[in-house]
Amino acid sequence: MTKVAVMGGGSWGTAFANVLADAGQARTVLCGRRAEIAAAVNERHENPDYLPGVKLNPELSATADPAEALDGAEVVVVAVPSQTLRANLRTWAPHIGPGAVVVSLMKGVELGTSLRMSEVIAEELALPESQVAVVTGPNLAREIAERQPATAVVACPHEPTAVRLQHLCKSAYFRPYSSTDLVGAELGGAVKNVIALAVGVAVGMGFGDNAKASLITRGLAETVRLAVALGADEHTLAGLAGMGDLVATCSSPLSRNRTFGERLGSGLTLEQVVAETKQTAEGVKSSESILALARKHGIDMPITEAVVGMMHHDLSPAEALLAFMSRSAKPERYGV
Ligand SMILES: NC(=O)C1=CN([C@@H]2O[C@H](COP(=O)(O)OP(=O)(O)OC[C@H]3O[C@@H](n4cnc5c(N)ncnc54)[C@H](OP(=O)(O)O)[C@@H]3O)[C@@H](O)[C@H]2O)C=CC1
Ligand SMILES: O=C(CO)COP(=O)(O)O
């Protein structure tokens, strides 16, 4: 049986490891940083810190030792905060087998380099494109851990790899579609976190569904502009990795990014919101690397720009709203 190591024992690493265990096509080992989480998964089939009350598949085992998790793993799934990926890969690299396929569950862009997670993986581990893939889509971890139905996209430029991974994670409640558009799949996932921050701010300011729908739709338009400029197929962004994830994240009180924005919009200071946020809200940091990428390619991303202003340059939600609403009148365009 294929061995899969899932590196990162937070909400999504745990929930996705449980999907793999429920799918029953692989022997799955979850690797968290803390021994007490691994012990709780092994002994009580629970991750009390991230998914309290959820019963995990008893076949799912866990360890806090990366060497043990990675030993013999043919597939390595990674779910750590994006900005920590490179440092983690450097410590894990000696234990990752040369033929292993490495799969990113992460939805961020690296600060400083503006590289997507699959690019960081390929660079650090010197892997060919057939061995690097992503799983993305409307996948709020808590719902999937509760075995509520969901769909996803498994993307790899080498289609047989995408299809192989698709079969490993397909279960009664999790339906993955395959794709060869890695760029579109990854950028859809990363940019939607930035748009969810903006939607959260609007909700926190007391605005209703018109404002939300406007941000989601114009957010998708700027995502498409960036993704297409970087080589994505614009249809990918109309699918689960783009519109699907954007709608789920921007609508859900479970989203950490939306919640972060909502707290800021309701009048808390950035410092207060950061102090209250225990889990990873990727859009806060990735907004900067996404804007850098957009500027490098001459792409206009006004919502992302407003989010960067609020997250990093003391722009108030009221000022961000004014800047957005007073932009010059334009014809509506979706994409390029
Ligand atoms: N949660 C969700 O619904 C979804 C999340 N994602 C993406 O998955 C990725 C992981 O997010 P998620 O699981 O939600 O995050 P969480 O905040 O729930 O968990 C983060 C995990 O990473 C660990 N961690 C934190 N810092 C480091 C570090 N420096 N080195 C190694 N491990 C570290 C934490 O360990 P410890 O507990 O010891 O701090 C914890 O296990 C993100 O990119 C996110 O965008 C994608 C789809 C859905
Ligand atoms: O990516 C997600 C859903 O697909 C989770 O969103 P948050 O990281 O905002 O919680």
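Ligand 1 and its surroundings

Mentor: In this predicted model, α1 gives the largest share of the shell around ligand 1, 3 residues; helices are DSSP runs of H or I with at least four residues, numbered from the N terminus. Residues are numbered from 1 along each chain as its sequence is written, and chains are lettered from A and ligands numbered from 1 in the order in which they are written. Local features need pLDDT of at least 70, side-chain atom pairs count only at pLDDT 80 or more, and totals for chains, interfaces and linings use all residues.

Trainee: What makes a residue one of the 26 that surround ligand 1?

Mentor: Its C-beta atom, placed from the backbone, lies within 6 Å of the ligand. The closest are G10, S11, T84, M106 and A141.

Trainee: Why is W12 called buried or exposed?

Mentor: A residue is buried if 20 or more other C-beta atoms lie within 10 Å of its own, exposed if 12 or fewer, and partly exposed in between, with C-beta atoms placed from the backbone. W12 has 26 such neighbours, so W12 is buried. W12 lies in helix α1, residues 11-23.

Trainee: How do you know on which side of that cut-off A141 falls?

Mentor: A141 has 23 C-beta neighbours inside 10 Å, and therefore counts as buried. A141 belongs to helix α6, residues 141-145.

Trainee: What does A141 touch, leaving out residues up to four places away in sequence?

Mentor: A141 touches S11, W12 and A15; contact requires C-beta atoms, placed from the backbone, within 7 Å.

How values were computed
Helices (H or I, at least four residues) and strands (E, at least two) are DSSP runs, numbered from the N terminus. Two residues are in contact if their C-beta atoms, placed from the backbone, lie within 7 Å.
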